[in-house]
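I opened this notebook to record what I looked up in the structure. The entries follow the order of my reading.

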Amino acid sequence: MTQTPASHAPLPQRRGPARPPVLQEIRKHRRFASLRAIGALVLREMQTSHGRSAGGYFWAIAEPVGGIVLLTLIFSVGFRSPPIGTNFAIFYATGVVPFMAYLDMSNKVSNSIRYSKALLSYPAVTFMDALLARVAFNTVTQIAVATLIFSGITLTMETRTDAQLDQIVIAMAMIVLIASAVGAMNCFLFEAFSWWQPLWGIFMRPLFLLSCIFFVYDDIPQPYSDWLWWNPLVHIVGQMRRAFYPSYAGAYVSHLYVFGLGLVLLAIGLALLVRYHRDLQNS
């Protein structure tokens with residue numbers, strides 16, 4: 001009997017030289033990642049600030065405007081002759097607007113890490129994004145508040161003032177820098193020491209009376225005037241009043257002191273956050 005030859009497997013073919021494997025990039029770096037994160041955080045801030053109420057972001061501006069206008073009208077009834085000028089409403093507004101702007105903005109920046117703690121676990125979001133988003137959002141808000149209040153008073157009342165836009169911009173820049181610097185420092189201190197936040201609240205209560213809102217620095221006798229000079233809000237209020245009263249000299253106002261103090265505090269606060277922000281997030 002003849003046997004059928006068994007089928008043989010094909011011989012292996014010679015291949016060309018092996019090519020090195022090509023590494024495929026799994027995740028491309030997104031352009032302007034930080035700006036995207038800051039923009040998203042600003043939108044989140046707008047949504048959470050009265051986002052569910054009728055009017056939305058309008059109330060973020062209307063609430064401080066209404067509160068300051070109400071206080072201005074109340075104090076205008078009791079104090080008819082201000083130390084500068086003839087209209088107490090504009091005199092009081094030039095003091096309370098920068099003070100409330102500093103207070104609100106510094107408090108918001110102080111709670112940046114705590115507010116965005118859940119988002120900071122993502123690598124695309126850093127603590128600097130959270131800080132810058134709150135600074136940007138509240139800067140725009142406070143500028144809108146100041147514009148509405150000062151415009152409303154000057155258009156509806158005889159204030160006999162001459163507002164200088166460049167001087168107002170300097171005053172607002174001083175507010176933003178000092179509020180951001182104090183906020184960055186407290187952003188670290190609030191998370192590192194649980195007792196610091198209530199203690200800071202106690203320190204802030206008498207500041208309303210020690211920031212020359214109802215009076216001018218020039219009328220304070222010695223040695224109290226020397227002590228109050230170290231309060232940066234005294235310089236900020238004085239700068240704002242110089243912007244509306246060209247005849248008011250305000251020789252005590254020191255731009256160098258306010259900007260220097262703000263930059264030093266901001267540098268220290270950011271340095272502490274860079275060093276310890278991971279520990280604060282995980283605590």
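**Entry 1: Overall make-up**

I began with burial and found that 42% of the 283 residues in the protein are buried. I keep in mind that this is a predicted model. I then looked up the secondary structure: the protein has ten helices and zero strands. Read along the sequence, the pattern is α-α-α-α-α-α-α-α-α-α.

**Entry 2: Helix 6**

I asked what end-to-end distance helix 6 should span. Helix 6 covers residues 165-192, and at 1.5 Å a residue its 28 residues should span 40 Å. I found its end C-alpha atoms 40 Å apart, which agrees with that expectation. I next checked how helix 6 is placed: 20 of its 28 residues are buried, so the helix is largely enclosed by the rest of the structure.

**Entry 3: Aromatic pairs**

I looked up the aromatic pairs, and the structure holds 16 of them. I took the pair of Y92 and F214 as an example: the ring centres are 5.6 Å apart and the planes stand at 35°, so I entered the pair as tilted. Which parts of the protein does this pair tie together? Y92 lies in helix 3 (residues 88-110), while F214 lies in the loop between helix 7 and helix 8 (224-228). The pair therefore ties together parts that are 122 residues apart in sequence. I also noted that Y92 is buried, because its relative accessible area of 0% is under the 20% cut-off.

W195 and W196 form another aromatic pair, which is edge-to-face, with 6.2 Å centre to centre and 85° between the planes. Are these two residues buried or exposed? I found W195 exposed, with a relative accessible area of 51%, whereas W196 is buried at 16%.

**Entry 4: A cluster of rings**

I followed the ring pairs further and found that they link F88, F91, Y92, F99, F208 and F214 into a cluster. One of these residues, F91, also has a charged partner: the charged end of R241 sits over the ring of F91, 3.8 Å from its centre.

**Entry 5: A nonpolar surface patch**

Finally, I turned to the surface. F193, W195, L199, I202 and F203 make a nonpolar patch of about 490 Å². W195, which I had already entered as exposed, is one of its members. I looked up F203 as well and located it in helix 7 (residues 196-204). F203 is partly exposed, with a relative accessible area of 44%.

Notes:
Residues are numbered from 1 along each chain as its sequence is written. This is a predicted model: local features need pLDDT of at least 70, side-chain atom pairs count only at pLDDT 80 or more; totals for chains, interfaces and linings use all residues. Side-chain values use heavy atoms; hydrogens and water are left out. Patches are made of residues with over 30% relative accessible area and no salt bridge: like charges are joined within 9 Å, nonpolar side chains (Val, Leu, Ile, Met, Phe, Trp, Tyr) within 5 Å. Accessible areas come from the Shrake-Rupley method with a 1.4 Å probe; for residues, only the protein chains shown count as cover. A salt bridge is a side-chain nitrogen of Lys or Arg within 4 Å of a carboxyl oxygen of Asp or Glu. Helices (H or I, at least four residues) and strands (E, at least two) are DSSP runs, numbered from the N terminus. Buried means under 20% relative accessible area, exposed over 50%, partly exposed in between (1.4 Å probe, protein chains only). Rings of Phe, Tyr and Trp (its six-membered ring) pair if their centres lie within 6.5 Å; planes under 30 degrees apart count as stacked, over 60 as edge-to-face and the rest as tilted. A charge sits over a ring if NZ of Lys or CZ of Arg is within 6 Å of the ring centre and within 35 degrees of the ring normal. The expected span of a helix is 1.5 Å times one less than its number of residues.
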